[in-house]
Amino acid sequence: MSINLIFKIAAVGILVTILSQVLKHSGREEQAFLVSFAGLILVLSWVLPVIYDLFVSIRRMFAL
């Protein structure tokens with residue numbers, strides 16, 4: 001896992017937080033929820049392959 005992935009996740013978190021707060025204060029809670037949900041899906045699409053590689057390497061290490 002590279003440090004770039006951590007920086008990407010942090011950047012998405014900051015952007016989602018700012019956009020969500022702006023939308024909530026303007027009375028658009030539904031759009032704020034959708035922005036948060038989209039950020040979650042984006043980060044999960046980056047993290048899931050890394051988690052899969054982790055499980056594959058653990059499986060290889062214990063030869064299961």
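The expected span of a helix is 1.5 Å times one less than its number of residues. Let's try that rule on helix α1 in this predicted model. Helix α1 covers residues 3-25, which makes 23 residues, so the rule gives 33 Å. The C-alpha atoms at its two ends are indeed 33 Å apart, and the two values agree.

Now step back to the whole chain. It holds two helices and zero strands. The second helix, α2, takes in residues 29-62. What about the overall shape? Along its principal axes, the C-alpha trace spans about 55 × 20 × 10 Å. The radius of gyration tells a similar story: a compact globule of 64 residues would come in near 11 Å, but this chain has 16 Å. Buried residues make up just 12% of the 64 residues. The accessible surface adds up to about 5300 Å², and 73% of it belongs to carbon and sulfur atoms.

So which residues of α1 are buried? They are Leu-5, Val-12, Val-16, Ser-20 and Leu-23. Their cover includes α2. Look at Ser-20 in helix α1. Its relative accessible area is 7%, and buried means under 20%, so Ser-20 counts as buried. Setting aside neighbours within four places in sequence, Ser-20 is in contact with Ala-32 and Ser-36.

Next, follow the chain out of α1. Just after that helix, Gly-27 takes a positive phi of about 85°. Then comes Glu-29, which has its place in helix α2. Is Glu-29 buried, exposed or partly exposed? With 43% relative accessibility, it counts as partly exposed. If you leave out residues up to four places away in sequence, Glu-29 touches Leu-23 and Lys-24. From Glu-29, you can also get a feel for distance along the chain: Pro-49 is 20 residues away in sequence, and the two C-alpha atoms are 31 Å apart in space.

Stay in α2 and look for aromatic rings. How do you describe two of them side by side? A pair of aromatic rings is described by the distance of the centres and the angle of the planes. A search of the whole structure finds one aromatic pair. Phe-33 and Phe-37 form that pair, with 6.1 Å from centre to centre and 15° between the planes, and it is stacked. Both residues lie in helix α2, four residues apart, which is about one turn of the helix. It helps to recall a general point here: an α-helix has 3.6 residues a turn, so residues three or four places apart point the same way. The two rings do fall into separate classes for accessibility. Phe-33 has a relative accessible area of 54% and is exposed, while Phe-37 has 42% and is partly exposed.

Our last stop is Trp-46, also in helix α2. Its relative accessibility is 25%, so Trp-46 counts as partly exposed. Which residues does Trp-46 touch, not counting residues up to four places away in sequence? The answer is Leu-5, Lys-8, Ile-9 and Val-12. Take Leu-5: it is 41 residues from Trp-46 along the chain, yet their C-alpha atoms are separated by 7.8 Å. Leu-5 and Val-12 are also among the buried residues of α1. Lys-8 has its own arrangement with this ring: it lies over the face of Trp-46, at 5.2 Å from the ring centre.

Key
Residues numbered from 1 in each chain as written. Predicted model: local features only at pLDDT ≥ 70, side-chain atom pairs only at ≥ 80, totals over all residues. Heavy atoms only, no water. Buried < 20%, exposed > 50% of the residue type's maximum accessible area, 1.4 Å probe, protein only. Contact = heavy atoms within 4.5 Å. Phe/Tyr/Trp six-rings, centres within 6.5 Å; stacked < 30°, edge-to-face > 60°. Lys NZ or Arg CZ within 6 Å of the ring centre and 35° of its normal. Rg over C-alpha atoms; globule rule 2.2 N^0.38 Å. Areas by Shrake-Rupley, 256 points an atom, 1.4 Å probe, with all protein chains shown as cover.
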